[in-house]
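Let's take a walk along one helix and see what surrounds it. Have the model open as you read.

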Amino acid sequence: MAFALLNRMIDEGIVPNGVTYCALIDVCSRCRRVDLALNGLRIMLKQKSKSSRNNDHANGAPMYRQQVLHNEVGAWTAAINACG
């Protein structure tokens, strides 16, 4: 259900932030689904990677800095807690 809501958000053009991923990962952890929690973390990292590529310099040279999602720390904390 949580992943269905995430996909619906994305389909409707809403960009998930760290709070969204924190809630998603936390609910997976509470259901003892470490595999799904880590999948949520992977989705977040893909979004960050895509965002980083979209923010490259106009001349095509990559910016070597990682984009940070608002409240991303909570998502990482939830993922670590999910792993035990």
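Which residue takes a positive phi just after helix 2? That's Arg32, with a phi of about 60°. A quick word on ground rules: this is a predicted model, so local features need pLDDT of at least 70 and side-chain atom pairs pLDDT 80 or more, while totals for chains, interfaces and linings use all residues. Numbering starts from 1 along each chain as its sequence is written, and side-chain values use heavy atoms, with hydrogens and water left out.

Now the helix itself. Helix 2 (helices are DSSP runs of H or I, at least four residues, numbered from the N terminus) has 13 residues and reaches 18 Å from first C-alpha to last. That is close to the 18 Å expected at 1.5 Å a residue, taking 1.5 Å times one less than the number of residues. At its N-terminal end, Asn17 acts as the cap, with a side-chain oxygen 3.0 Å from the backbone nitrogen of Val19.

Which residues of helix 2 are buried (under 20% relative accessible area, 1.4 Å probe, protein chains only)? They are Gly18, Tyr21, Leu24, Ile25, Cys28 and Ser29. Seen down the axis, they fall within an arc of 135° (from directions to the C-beta atoms), so they line one face of the helix.

Look at two of them. Ile25 touches (heavy atoms within 4.5 Å) Ala37, Gly40, Leu41, Ala75, Ala78 and Ala79, leaving aside residues up to four places away in sequence. Ser29 counts as buried because its relative accessibility is 18%; with the same neighbours left aside, Ser29 touches Ala37, Asn81 and Ala82.

Definitions and conventions. Buried < 20%, exposed > 50% of the residue type's maximum accessible area, 1.4 Å probe, protein only. Helix = DSSP H or I, 4+ residues; strand = E, 2+ residues; numbered from the N terminus. Polar contact = N/O pair within 3.5 Å; in protein donor to acceptor, adjacent residues only side chain to side chain.
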